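Here is a short tour of one protein model and the ligand that sits with it. Have the structure open while you read, and follow along residue by residue.

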Amino acid sequence: MKNFLFIVLLTLLSIQLFSQESIREFRLEKQYLNIPVDMQQDRQKVYFILGQDTLTYSDIRIADGEPDYWVFKDVSAWKGKKLTLTFSEKVNGIEKIYQSDKFAGEDSLYRESKRPQLHFTTRRGWNNDPNGMVYHDGEYHLFYQHNPYEIRWGNMHWGHAVSTDLLHWNELDDALYPDDLGTMFSGSAVIDKDNSAGWGKNTLVAFYTAAGEKMTQNVAYSTDKGRTFTKYEGNPILGPDRDPKVFWYEPTQTWVMVLYEDNFFAIYNSRDLKNWEYRSKVKGFYECPELFELAVDGDENNKKWVMYGASGTYMVGTFDGETFTPERGKYFYSWGSQYAAQTFNNTPDGRRIQIGWGRIEQRGTSFNQMMLFPCELSLRTTSEGIRLFSEPVGEIENLHDKKHRWEHLTEQEVNEKLSTIETDLLHVKMDVEIRHGLRLAINFRGNTVIKYDGSFNQFNGVPFTCEEPGSFRFNIEILLDRTSVETWIDRGKLYISEGLKKDKSQDGLRIKGGVRVHFIEVSEMKSIWIKKQD
Ligand code: FRU
């Protein structure tokens, strides 16, 4: 008997000492759980358990000592309930997690010195692809690949922001969390106007990939303007691979899904958004499919379809609801940081508006990566044939503050004028011609943001064909934010987006080369986050 008691005691003691778990219970009273992160720590799996239900899980590098930064989880939906956090390993930092009605750093949100002021970035954590882009009931919905707990990729959730004007964004709570089928990879959303799925007219229906042991396609729907989602009990609805893009095809009254599989995009049809039948495939693309129709040169009687993949390389062709038949391509229209760009379904005015992921490292902050500026896509006839063009949406003008416009300037004159501008948030349009030599450079704070080499016909190393052979005259549009520069050459024939390196010089915008500036318009920009105090 004595021996037995001794063994029981020893076992209990060793469970205490060598326990592989850390558990903490919270009676939820506030809006947020604030969680400290230390990038030197290993990622530890944590389960969020409400009562008996495991709601979700993630990997968190929880800080033991001084955190590198704080992240948060919005728990307002479960106020008054008991939430248990169970880490699969022993983590001392669990004791530092605290409840509050503010998330750590909320008071300086969007005012951080390194926060982009003209582009959407997430409050905390990491973002990659835009997802579920759809216009509904007065709001543009931008869902996106989000790691709420770290500034590196992982724990894929669908983050969520809404905008009424494509400029100002209101970030809401994450819309989709990791579940039994996996983490939430990319996808799209539609508005089910005629209730094909049976969840009610005008339900917002999202299609996403769950990345678990295998990749599967899944559906979730929302009847409250995307504020909460219900995952369909019949999930998964389709097998591998990933990134379903769904839209309505009016002529045959069918839903279309384009899915990335291996080295091709597969096309499926459905009547009810739940059962999908394979129709055809197009080879030559990788990840994040897009397929949409555009009028060539604005002519509604001459429409073509565009198919592109994550890199932005595209084909132009025809589509009958089941098969995309390429006629030309693959070409490219964008270069640099843009990846996995998606376009809005259901825009009120029929514009094809795109937002791309800007693969731009945001250094020294508690958020990482960014969304590029919304662009309107069009098809235009060029000397080389029909090509895809991308230009910033017209709404950009609503961010214009003080405006400068000058005409007929030499290089020296233009730089003298530019040196009078003090702000760094700029939207610039210019008509510039190289008069001497073969090169043109646009510099900003010592970074060469644009470099044209007339001998090799290249902008920033990318081949570029002028409409008029031998022309050394360009229309250049530039958007400068704190950490990025976007450039549209010749009204969007080529779109280049890049990260800005650290300031290497005091000089702001400068133009170099033997140039003549026919006109230049510089607009100082208002922040999308912070109202200017006059
Ligand atoms: C593209 C991508 C998608 C995938 C997602 C995961 O950047 O790799 O194919 O769904 O990111 O975050």
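The buried residues of helix H2 pack against two strands, S31 (400–410) and S39 (509–525). Contact here means heavy atoms within 4.5 Å, while helices (H or I, at least four residues) and strands (E, at least two) are DSSP runs numbered from the N terminus. H2 itself spans residues 411–418, and its buried members are Val414, Asn415 and Leu418. Buried stands for under 20% relative accessible area, exposed for over 50%, and partly exposed for what lies in between (1.4 Å probe, protein chains only). Why do these residues lie on the same side of H2? They cover an arc of only 95° around the axis, and that puts them on the same side; the arc is taken from the directions from the helix axis to the C-beta atoms. As a general point, an α-helix has 3.6 residues a turn, so residues three or four places apart point the same way.

A word on the source: this is a predicted model, in which local features need pLDDT of at least 70 and side-chain atom pairs count only at pLDDT 80 or more, whereas totals for chains, interfaces and linings use all residues. Residues are numbered from 1 along each chain as its sequence is written, and side-chain values use heavy atoms, with hydrogens and water left out.

**Around the ligand**

Which residues come nearest to the ligand? Of the 13 around it, they are Asp129, Gln145, Arg242, Asp243 and Glu287; a residue is near a molecule if one of its heavy atoms lies within 4 Å of it. The shell divides into six nonpolar, three polar and four charged residues. In this grouping Ala, Val, Leu, Ile, Met, Phe, Trp, Tyr, Cys and Pro are nonpolar, Asp, Glu, Lys and Arg are charged, and the others, Gly among them, are polar. Strands S8 (125–136), S12 (183–192) and S16 (242–249) each supply at least two residues of this shell.

The table lists polar contacts, meaning pairs of N or O atoms within 3.5 Å; within protein, one atom must be able to donate a hydrogen and the other to accept it, and residues adjacent in sequence count only if both atoms are side-chain atoms.

| Side chain | Partner | Distance |
|---|---|---|
| Asn128 | ligand oxygen atom | 3.0 Å |
| Gln145 | ligand oxygen atom | 2.7 Å |
| Arg242 | ligand oxygen atom | 2.7 Å |

The protein covers 91% of the 320 Å² of accessible area that the ligand has on its own; accessible areas come from the Shrake-Rupley method with a 1.4 Å probe, and for residues only the protein chains shown count as cover.

Glu287, one of the residues that come nearest to the ligand, has a positive phi of about 60° although it is not a glycine. Glu287 lies in the loop between strands S19 (277–283) and S20 (290–296), and at 14% relative accessibility it counts as buried.

**Three buried side chains**

Met371 lies in strand S28 (370–371) and is buried, with a relative accessible area of 1%. Leaving aside neighbours within four places in sequence, Met371 is in contact with residues including Asn128, Asp129, Tyr144 and Trp357. Ile360 is eleven residues from Met371 in sequence, and their C-alpha atoms are 9.2 Å apart.

Met307 belongs to strand S21 (299–308) and is buried at 0% relative accessibility. Beyond four places in sequence, its contacts include Val258, Phe265, Phe285, Leu291 and Phe324. The C-alpha atoms of Met307 and Pro289, 18 residues apart along the chain, are separated by 7.3 Å.

Is Asn147, in strand S9 (139–147), buried or exposed? Asn147 is buried, at 0% relative accessibility. A polar atom of its side chain lies 2.9 Å from the backbone oxygen of Arg152, and a polar contact of 3.1 Å joins the side chains of Asn147 and Asn155.

**Backbone details**

Where are the cis peptide bonds to look at? One joins Pro240 and Asp241, with omega about 10°, and Asp241 lies in the loop between strand S15 (230–231) and S16. Another joins Gly329 and Lys330, with omega about -5°; Lys330 is found in strand S23 (324–331).

Gln253, not a glycine either, has a positive phi near 50°. Gln253 lies in the loop between S16 and strand S17 (254–261) and is partly exposed, with a relative accessible area of 38%.
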